[in-house]
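User: I am new to this structure and would like to understand how its descriptions are reached. Could you take me through the reasoning behind each label?

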Amino acid sequence: MLKKIFCLIVFSTAILTGCSSTQTVKETVTPSPLWESTYQQGELNGESLYDLLIAELAGHQQQYDISLEKYLKQAELTGDPGVIRRAARIAQFTKNSVALEKAARIWVKFEPESNEPQTLLVGMLIQQGKFSKALPFIDKALATDSHPILALLNSRASKMTSADAQAYLDVIIRQSKITPKNSDLWLTRGVFERHLNATEAALISFDKAIRYNPEAETAFVQKADLLKDAGRYKEALAVISQWLNKDPENKQLIILKVQTLYKADSPDAAVKHSQQLISDYSTDNQLHLYLALLALDFNRLDDSKNMLKTIFARTRDNTLHFYLGLIEEQQNNPELAIQHYLQVDRGNNILPSYNRSLALLGDAQDETRVNTIMENAINKHADLAPDLINLHADWLRSFGFNDKAISRLSEGVSAYPEHINLRYSRAMMRPPEEFPQSEIDFRFILEKEPDNAMALNALGYTLSLYTERYNEAYELLNRAIQIKPDDPAIMDSIGWVLFKLQRHEEALNYLIKAYKIYPDAEVGGHLIAVLVALNKRPKAQQIFTELSKKFPDSPHLPDAERALNAPL
């Protein structure tokens, strides 16, 4: 009965919408319940009729949020497949993943034997990375149309934890016993086995995928790539040749062949093959660039340079200057490298180009030139001005021009008062006697971004260095460690503040963890101080000996030595 009346609703709505097509004023549909209703699955009541009419009218007026809300409500109350499907379709159309998951779960609840909602729910959960939530529904989803689900699993396998991957592999193994000649299942099985480092098992699975479908290109690619990664280059090249004999124009396999030749320590053959590809695909600039960068990765600098220059002669693409600069830098031609870097005028490598240019100007006497380069850069790339100012100030600071660096940052803050990184850099560069001004910058940042762990850590640590406001410092650092519990810098800071608060055992726990992750002289010095306070001098001496060997020129080593020799 419900399905027939639902069809009547939609039909009636179609008549209504035809009449309303001449309206020029868009009215807002506002739902208001007219009666109290009871619900029994499979039966329609007055509220259902009213809600579904409202939903259709709202959809016609593009008020999809109201339409979706009503359909979801009635889907859950009535359990009618038609209503549920409509709710799911609206959620899909509006790309509302939360509503789609809800609709799919309602669908599964009322039609547990239907495969369609299982497939819909599984696909959505896997796309969202909710692998463990999708697992209970995977068997039925694979029983319907396994190809799209398996393709999705292949693309997401590398993002899974080992535990999730093993759970899915168990399902796939079970399914491959049910349909042992399903090539897609064997391919997916191999992908998961590869992810779990079961190389031999994966190779067997890829072989079976190829046996049951000799046209399974992806299985050939996976097998060849796995053999390459396992260092079995001859076998990898044999698999690649096997496919290229059938499909000599396959770029993916051709590129894989070049990669494998480089890996197999046959760079001449790889370059020769690359040159042939460039000739065969004379207008494919993306392929040419990939081959040029592949040559660069394997230190064939002249070959890479020639390929890049060939592309540049045809395209006049200034982004290529970044890679030409890298090559000149590696060939110890700093001036030529700088000339290339400064010609990069678009793309993601503008800032890296200026950063590398400044790194090559490694003398305090280069200050005038650096100032000119950065002024020109800011004029050319106004949208990157704050980041460029930061780069400039950092160069000035690295050569001892601290006052000039802070002044440059202050100019930047005046021009871009809301820019967080400029204020952070200025706060970090100020000398100890100017800590009150630094605190103002840190407080500004935390007002804008209360969960900025980097600023919480910086303010908390500097409070412990330049004031005795240790409890306040601890509160800031405790917030920071909640946000980034595995950050060794924050562990070190909170350990140091706990030391200042005489909470030595707690400090030791943090500092041991920090030193294990990041064993530098500053963290080591803090750890030594705590060990001495706990009367564990032999361990402190051992750490100091390690630091002396690893960091003989570290400015933090004298602090570590003073901590070691501090009286109890």
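## Reasoning from value to label

Analyst: A word of caution comes before the labels: over residues 1-35 the pLDDT stays under 50, and for this stretch the model has 42 contacts beyond four places in sequence. The model is a predicted one, with a mean pLDDT of 87 for the protein, and 91% of its residues reach 70 or more.

User: What makes up the secondary structure of the protein, in helices and strands?

Analyst: The count comes to 33 helices and zero strands.

User: How do you know how the protein stands against a compact globule in its radius of gyration?

Analyst: For 568 residues, a compact globule would have a radius of gyration near 24 Å, whereas the protein has 32 Å. Taken along the principal axes, its C-alpha atoms fill a box of roughly 85 × 65 × 60 Å.

User: What can be said about burial, surface and contacts in the protein as a whole?

Analyst: Of the 568 residues, 46% count as buried, and the accessible surface comes to about 29200 Å², with 51% of that belonging to carbon and sulfur atoms. Where contacts join residues at least 6 apart in sequence, 51% of them join residues at least 24 apart.

User: How many charged side chains does the protein have, and how far apart are the centres of the two sets?

Analyst: There are 63 positive and 72 negative side chains, and the centres of these two sets lie 5 Å apart.

User: Why is S493 called buried?

Analyst: The relative accessibility of S493 is 3%, and buried means under 20%, so S493 counts as buried. S493 is found in helix 29, which covers residues 488-500, and, leaving aside neighbours within four places in sequence, S493 is in contact with N457, Y461 and L477. Between the C-alpha atoms of S493 and S438, which are 55 residues apart in sequence, the separation in space is 17 Å.

User: Why is K448 called partly exposed?

Analyst: Partly exposed lies between the limits of 20% and 50%, and K448 has a relative accessibility of 45%, so the label partly exposed applies to K448. K448 is found in helix 26 (residues 435-448), and beyond its neighbours within four places in sequence, K448 is in contact with E418 and I420. The C-alpha atoms of K448 and N318 are separated by 37 Å, with the two positions 130 residues apart along the chain.

User: What makes T545 partly exposed?

Analyst: With a relative accessible area of 34%, T545 falls between the 20% and 50% limits, and therefore counts as partly exposed. T545 is found in helix 32, residues 537-550, and its C-alpha atom is separated by 9.9 Å from that of E561, 16 residues apart along the chain.

User: Why is D265 called exposed, and what is its phi?

Analyst: Exposed means over 50%, and D265 has a relative accessibility of 66%, so D265 counts as exposed. D265 is found in the loop between helix 15 (251-263) and helix 16 (267-280). Although D265 is not a glycine, its phi is positive, at about 60°. Most residues other than glycine have a negative phi.

User: How do you know that R316 is exposed, and where is its place in the protein?

Analyst: R316 has a relative accessibility of 58%, and exposed means over 50%, so R316 counts as exposed. The place of R316 is in the loop between helix 18 (301-315) and helix 19 (320-330). Phi of R316 is near 55°, which is a positive value in a residue other than glycine.

Note on methods:
Residues numbered from 1 in each chain as written. Predicted model: local features only at pLDDT ≥ 70, side-chain atom pairs only at ≥ 80, totals over all residues. Heavy atoms only, no water. Helix = DSSP H or I, 4+ residues; strand = E, 2+ residues; numbered from the N terminus. Rg over C-alpha atoms; globule rule 2.2 N^0.38 Å. Buried < 20%, exposed > 50% of the residue type's maximum accessible area, 1.4 Å probe, protein only. Contact = heavy atoms within 4.5 Å. Areas by Shrake-Rupley, 256 points an atom, 1.4 Å probe, with all protein chains shown as cover. Lys, Arg positive; Asp, Glu negative; His and termini not counted. Charge placed at Lys NZ, Arg CZ, Asp CG, Glu CD. pLDDT = per-residue confidence, 0-100.
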